[in-house]
Amino acid sequence: DKFFLVQVYTYLMEIALWSGELEEAEQWLRQCLAYYTEKHRITLHDVEWFLIVARLATAQQQYQRAATLFGLAEQMHGQFHYAIAGPIRFLADEALATVQATLEPIVFADSFAMGQQMTLAQAFATILALTV
């Protein structure tokens, strides 16, 4: 089942990110994208996945891309009646603070807002274009 496979890839991406292995994390991201390009509905796992991808962009110092992804994750998270907590939220908030501190306020606001207005298809197309 592709759903379980992408969860394993996501966990491997998360472990690589925690270990500072950014190239390896990006390889697992590419594996995830093979599944995600077929998605048509959003799950809570997708929100968590986008937070991890935003953290990866932050670690790669792609701050504008990260701000857009954080905006998208926030917009998606608003569709659920469940608050993401624990390490996922803490690490995402820490990366978001880094992005906010690094970008000019207007650049951050514009990028975050652009992410909030993206469709799921646009988001995957954007990520796919950046990993090729």
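Begin with the whole protein chain on screen: a compact globule of 132 residues would have a radius of gyration near 14 Å, and the protein chain has 14 Å, which agrees. What you are looking at is a predicted model, and the tour goes from the chain as a whole to one helix and its two partners.

**Stop 1: the whole chain.** Keep everything selected and turn the view slowly, noting that the C-alpha atoms fill a box of roughly 40 × 30 × 30 Å when the box is taken along the principal axes. If you switch to a cartoon display, the secondary structure comes to seven helices and zero strands, so that reading along the sequence gives the pattern α-α-α-α-α-α-α. Colouring by burial is a useful next step, since 46% of the 132 residues count as buried. Among the contacts between residues at least 6 apart in sequence, 73% join residues at least 24 apart.

**Stop 2: helix 3 with helix 4.** Now select residues 44-59, which form helix 3, together with residues 63-77, which form helix 4. As background for this stop and the next one, two packed helices are described by the angle between their axes and the distance between the axes. Here the angle is about 165 degrees and the axes lie 8 Å apart. Angles over 145 degrees count as roughly antiparallel, and helix 3 and helix 4 are therefore roughly antiparallel to each other. Helix 3 passes helix 4 in a left-handed crossing.

Show the side chains next, and look on the helix 3 side for the residues in contact, including L44, V47, F50, L51 and A54, which meet a set in helix 4 that includes Y63, A66, L69, F70 and M76. The residues of this contact between helix 3 and helix 4 divide into 14 nonpolar, two polar and three charged.

**Stop 3: helix 3 with helix 5.** Keep helix 3 selected, hide helix 4, and add residues 86-102, which form helix 5. Which angle and which distance between axes describe the packing of helix 3 and helix 5? The angle is about 40 degrees, and the axes are 9 Å apart. Helix 3 and helix 5 are therefore oblique to each other, and their crossing is left-handed.

To see where they touch, select E48, L51, R55 and T58 of helix 3, and then I88, L91, A92, A95, T98 and V99 of helix 5, since these residues make the contact. The residues of the contact of helix 3 with helix 5 divide into six nonpolar, two polar and two charged.

Definitions and conventions: Residues numbered from 1 in each chain as written. Predicted model: local features only at pLDDT ≥ 70, side-chain atom pairs only at ≥ 80, totals over all residues. Heavy atoms only, no water. Axes fitted to C-alpha atoms, helices over the stretch in contact; angles between N-to-C directions. Helix = DSSP H or I, 4+ residues; strand = E, 2+ residues; numbered from the N terminus. Parallel < 35°, antiparallel > 145°, perpendicular 65-115°, else oblique. Left-handed = near helix turned anticlockwise from the far one by under 90°. Contact = heavy atoms within 4.5 Å. Nonpolar A, V, L, I, M, F, W, Y, C, P; charged D, E, K, R; others polar. Rg over C-alpha atoms; globule rule 2.2 N^0.38 Å. Buried < 20%, exposed > 50% of the residue type's maximum accessible area, 1.4 Å probe, protein only.
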